[in-house]
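Trainee: Could you take a close look at one packed part of this model with me, and then tell me what sits elsewhere? I'd like it in plain bench language.

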Amino acid sequence: LRELSEPALKAYVAEVLDRARARSLALTGAVDDDDLVKQHSALMSPLVWDLAHIGSQEEIWILREVGGLDPMRPDIDDLYDAFQHPRATRPSLPLLGPSEARRYVEEVRRRTFDVLARTPLSDRALTRDAFAFGMIAQHEQQHCETMLATHQLRKGDPVLHAPAPPPATVRDLPEEVVVPAGSFTMGTSVEPWALDNERPAHEVFVDAFAIDTTPVTNARYAEFVDDGGYADPRWWSDAGWAYRSEHGIVAPRFWRRENGRWWRTRFGVYEPVPGDEPVLHVSYYEAEAFAAWAGRRLPTEAEWEKAARYDPATGRSRRYPWGDDDPTPAHANLGQRHLRPAPVGAYPDGASALGVHQLIGDVWEWTSSDFRPYPGFTAFPYREYSEVFFGPDYKVLRGGSFGSDPVAVRGTFRNWDFPVRRQIFAGFRCARDVRYGDAVV
Ligand code: AVJ
Ligand code: FE
């Protein structure tokens, strides 16, 4: 972005905004109006709320803040403020109906393109006005991933369709990669569209560790389940055991045992659980229990980022595992191109310098780290984006899923959620300590 001329930067902004809108309209257009206004799960908003909320945020940050325009609909600001109304109460609000919501987002977008045309996106503005456009494109795509999770919870016939992801092309990958002790640069001060919580760049010393070459697969996870892992308190933290007991959890969300094998429903299609895909729809507590059962642990956030970005040949941190180039379909399973994770070994071109695969795309990966600010953090452009979530209640997830758009995923991108959450597209990989004198295989 930094090297683009102003017209090229504006064309890029237009492209990412158009791509986000195409996805929002596909996700909200796939079901009828009754389905749009209904709540498919207490964890999620009605789809029509997400749609108008996307427009409302765009109105606030582009039309009012960048464009200096007066509010179009000051009466609706409060309805679409995520902090005013918890998700469970959103269906009872006097929300815009489906056609009103569509008209509203369309009108906001028309004015956004007017503001884009008349706003200089010079070098200085790259940190302010151009950031606002990047933030709004990322925001819409984040809600597209949320809407995709709502589709997964929705009952009924399949309405979303996509081609299968690529098959595994590398087999017999080593089980783990050993990363020697040393410091690396975590976070970024230069990535133009990095959000506040990814900043600033800072050096972090990381002890030697080993990390799984690929995310944990369904086949491996099923061994834990079939070994009675959900019934054995030895593997669970106290909080995890309490959660599992209270909710009667016996397997990943959407799994069902039938005729001696595991099945699942995926966007309305009932199918056998594919053994070679990364496990999906597990909470942090389940990931933690699996790791304990396997004699391992979850990676810290710093370990994950070092495995993804550190290049031992140059000592630098890359933007992405494969290098500094933006993601292409050869690198990672992103952008809802495929509506499922790819099998492990499907993306050799996306491997990191250290040889770790599928860090970006496929499934979000739980880390053992609480969501905390980096040293030198400053909230930008508003406290409610990240700052109010810092603390022990949220765990960090890294890497993005098949449902995340490339504009909203980076080597530095940090996602966070409660450790009980399973409706998100989350899996994990394991790590372990490596002590001096350990055999390195
Ligand atoms: C970063 C995914 C945790 O969806 O709650 C959307 C992103 N922030 N609207 C979320 C977000 C405001 C956020 N996560
Ligand atoms: Fe939002």
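Mentor: Before we start, a word on axes: each one is a line fitted to C-alpha atoms, for helices over the stretch in contact, and the angle between two N-to-C directions runs from 0 to 180 degrees. Keep in mind too that this is a predicted model.

Now take helix 1 (residues 6-29) and helix 4 (residues 98-118): their axes come within 11 Å and cross at roughly 170 degrees. Angles over 145 degrees count as roughly antiparallel, so helix 1 is roughly antiparallel to helix 4. On the helix 1 side, the residues that make the contact are Lys10, Val13, Ala14, Leu17 and Arg21. They meet Arg109, Thr112 and Leu116 of helix 4. Sort that contact by class and you get 4 nonpolar, 3 charged and 1 polar residues.

On to the strands. There's an open sheet of 4 strands here, in the order 10-9-8-11, and its pairing is mixed. Strand 10 and strand 11 are the edge strands; each has a single partner strand, so one side of each has no neighbour in the sheet.

Strand 8 (residues 364-371) is worth a closer look, as 6 of its 8 residues are buried. With strand 11 (residues 426-427), strand 8 runs parallel, and 2 bridges join the two. You can find these on screen: tryptophan 364 stands opposite alanine 426, and glutamate 365 has glycine 427 as its bridge partner. With strand 9 (residues 391-398), strand 8 pairs in the antiparallel sense, over 4 bridges. There, look for phenylalanine 371, whose bridge partner is glycine 391. As a general point, strands of a sheet pair through backbone hydrogen bonds, either parallel or antiparallel.

A helix packs on this sheet as well: helix 9 (residues 301-309) touches strand 8 and strand 9. The direction of helix 9 makes about 135 degrees with that of strand 8.

Strand 10 brings us to the ligand. Around ligand 1 you'll find His139, Gln142, Thr146, Asn415 and Trp416. The elements giving two or more residues to that shell are helix 5 (129-153) and strand 10 (414-417). Helix 5 gives the most, with 3 residues. By class, the shell around ligand 1 holds 4 polar residues, 1 nonpolar residue and no charged ones.

Definitions and conventions. Residues numbered from 1 in each chain as written. Chains lettered and ligands numbered in written order. Predicted model: local features only at pLDDT ≥ 70, side-chain atom pairs only at ≥ 80, totals over all residues. Near = placed C-beta within 6 Å. Nonpolar A, V, L, I, M, F, W, Y, C, P; charged D, E, K, R; others polar. Buried ≥ 20, exposed ≤ 12 C-beta atoms within 10 Å, placed from the backbone. Pairing = 2+ DSSP bridges. Parallel < 35°, antiparallel > 145°, perpendicular 65-115°, else oblique. Contact = placed C-beta atoms within 7 Å.
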